[in-house]
2 protein chains.
Amino acid sequence: MTAPEGRLAADEGRRRPPTAQQFVLGELRRAITTGRLRPGDPIRQESLAEELAVSRVPLREALKTLQGEGLVTYQAHRGYFVERLSLDDLREVYLIRELLEAEAVRRAVARLTDEVVEAAEQAQAEVERAAAAGDVLAMAEANRRFHMTVFEAAGLPRLVRMIRTLWDSTDAYRSVYYGEEANRRRVVEEHRAALDLLRRRDADAAVRALAAHRTHAVTSIEAVLPPP
Amino acid sequence: MTAPEGRLAADEGRRRPPTAQQFVLGELRRAITTGRLRPGDPIRQESLAEELAVSRVPLREALKTLQGEGLVTYQAHRGYFVERLSLDDLREVYLIRELLEAEAVRRAVARLTDEVVEAAEQAQAEVERAAAAGDVLAMAEANRRFHMTVFEAAGLPRLVRMIRTLWDSTDAYRSVYYGEEANRRRVVEEHRAALDLLRRRDADAAVRALAAHRTHAVTSIEAVLPPP
DNA sequence: CTCCTGTATTTTGGATCCAATATTGATTAT
DNA sequence: ATAATCAATATTGGATCCAAAATACAGGAG
């Protein structure tokens, strides 16, 4: 097994060649979030393994991980399928995010340091650059970093992990959202407002602002979802 | 929307002999929750697979699932270990449960049917029987059914799945809690009170009661956790 | 033509084997 | 003794092979 170029593994700080399984995991995530594998698609292990130049064993373990994250579903003896979110599913994910992220933001504001604010500002700068350039992928990445920076300041690693998993499960639809110029502009503005409220340590207002931010996203995504 | 198609459900309602992987998953859960595998223990694949009379392949896939659920941790090239919850971890899990379960209860109360109340009452009857008999395992099972019955009435399958995962991650410590006669009696009483509030559709009071219920549990478990 | 049935093919599930990495233990120099 | 080094062993990671199940397909009965 040849070690591929990939180093997107965000795991432990160990400097080690990634295992085939970690490589496959990253590739699968990318394939799903970029739409290369589309919601509802069955995942054929043989061909996919061949394409990634690994055997089916690490592929299957990676799929189990993705199943746990809700990116794919599994039926015994029938295989894995890219998760197809219904409208209800999407709303539910955003409802749960609301519950978890509100708490994360409150805690984060309570113990916010200048370093965190600065990191968020840097992420926001990248968001604005990507938004202007129309670079959807970079924007999604920077946007995520912006929010996670704040959440992580809460000092609740499990909570952050769950939030991250929820984000993952809707990644496939996020690129759609950023595809629209108007949405990109709105994200930039809403982030600026949220950042300002964070600087002023106004937890309640920040929570409200981010709730609205999410609502805009889900409403916009709902509009382009295929009818059931 | 109780999802008639239930894509999130584990078995899709099909009556089929379990795969080795499903069998192993169940056995591992039991081994961890009953303390047969204890927090911090490394999981030796070869011997465990032999003991369960399967190869390492389905074992490893089951472990990946448990990793996603937080019951085991994983380090590349070093293997899997039964998760050892710190005090902070335990408190964090209960905090997250608070956030999610409060919402689930509110939604459940809003659409509560007599069937659900009846199912909860039946589960409670079993809790009381097991509590009297000192049957810790049966009590844990019935207790879980009691709560899940209510949560599921919320009609939010993903939310329930996450709550269930959180419960799983602390299962190893729950049996400790039920080991105490006084705790068992308190659980019975608190359930009765909660059930009464549900019958009266008093969401706020029910949420408060269940929050106190959780607090008692976490406080009691904290007391017996080994010091860091 | 439709529906069933049995068969061939595809696809997934699992077992075994080999390779890569980590751990252990002995040995030696300081 | 202690620490470093290197061989021996144990354990995990991955590839290949075979078995079991599902799907696709062809042919025949109604």
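In this predicted model, three helices each supply at least two residues of the surface near DNA strand D: helix H1 (20-33) and helix H3 (56-69) of chain A, and helix H3 (56-69) of chain B. There are 21 residues around DNA strand D, and those that come nearest are Ala20(A), Ser55(A), Arg78(A), Arg16(B) and Tyr74(B). Of the atoms of the strand that come within 4 Å of the protein, 72% belong to sugar and phosphate.

Some contacts to phosphate oxygens of DNA strand D are listed below.

| Residue | Atom on the protein side | Distance to a phosphate oxygen of DNA strand D |
|---|---|---|
| Gln21(A) | backbone N or O atom | 3.4 Å |
| Ser55(A) | backbone N or O atom | 2.7 Å |
| Tyr74(B) | polar side-chain atom | 2.3 Å |

Ser55(A) and Tyr74(B) thus appear in two places: both are among the residues that come nearest to the strand, and each has an atom by a phosphate oxygen, at 2.7 Å for Ser55(A) and at 2.3 Å for Tyr74(B).

Tyr74(B) also has neighbours within the protein. The charged end of Lys64(B) sits over the ring of Tyr74(B), 4.0 Å from the ring centre. In chain A, the charged end of Lys64(A) sits over the ring of Tyr74(A), with 4.0 Å to the centre of that ring.

A pair of aromatic rings is described by how far apart the centres are and by the angle of the planes. Over all chains there are 4 aromatic pairs. One of them joins Tyr74(B) and Tyr80(B), with 4.6 Å from centre to centre and 40° between the planes, a tilted pair. How buried or exposed are the two partners? Tyr74(B) has a relative accessible area of 24%, so this residue counts as partly exposed. Tyr80(B) has a relative accessibility of 2% and is therefore buried, since the limit for that word is under 20%.

Tyr177(B) and Tyr178(B) form a pair as well; it is tilted because the planes stand at 50°, which is neither under 30 degrees nor over 60, and the ring centres are 5.5 Å apart. Both Tyr177(B) and Tyr178(B) are buried.

How are the two protein chains related? Chain B is superposed on chain A by a rotation of 180° with 0.0 Å of shift along the axis, and the RMSD is 0.1 Å. This is the relation of a two-fold axis. Of the interface residues of chain B, 90% are also interface residues in chain A, which means that the copies meet through the same surface.

Key. Residues are numbered from 1 along each chain as its sequence is written. Chains are lettered from A and ligands numbered from 1 in the order in which they are written. This is a predicted model: local features need pLDDT of at least 70, side-chain atom pairs count only at pLDDT 80 or more; totals for chains, interfaces and linings use all residues. Side-chain values use heavy atoms; hydrogens and water are left out. Rings of Phe, Tyr and Trp (its six-membered ring) pair if their centres lie within 6.5 Å; planes under 30 degrees apart count as stacked, over 60 as edge-to-face and the rest as tilted. Buried means under 20% relative accessible area, exposed over 50%, partly exposed in between (1.4 Å probe, protein chains only). A charge sits over a ring if NZ of Lys or CZ of Arg is within 6 Å of the ring centre and within 35 degrees of the ring normal. Copies are superposed by least squares on the C-alpha atoms of residues with pLDDT of at least 70 in both. Contact means heavy atoms within 4.5 Å. A residue is near a molecule or strand if one of its heavy atoms lies within 4 Å of it. A polar contact is a pair of N or O atoms within 3.5 Å; within protein, one must be able to donate a hydrogen and the other to accept it, and residues adjacent in sequence count only if both atoms are side-chain atoms. Helices (H or I, at least four residues) and strands (E, at least two) are DSSP runs, numbered from the N terminus.
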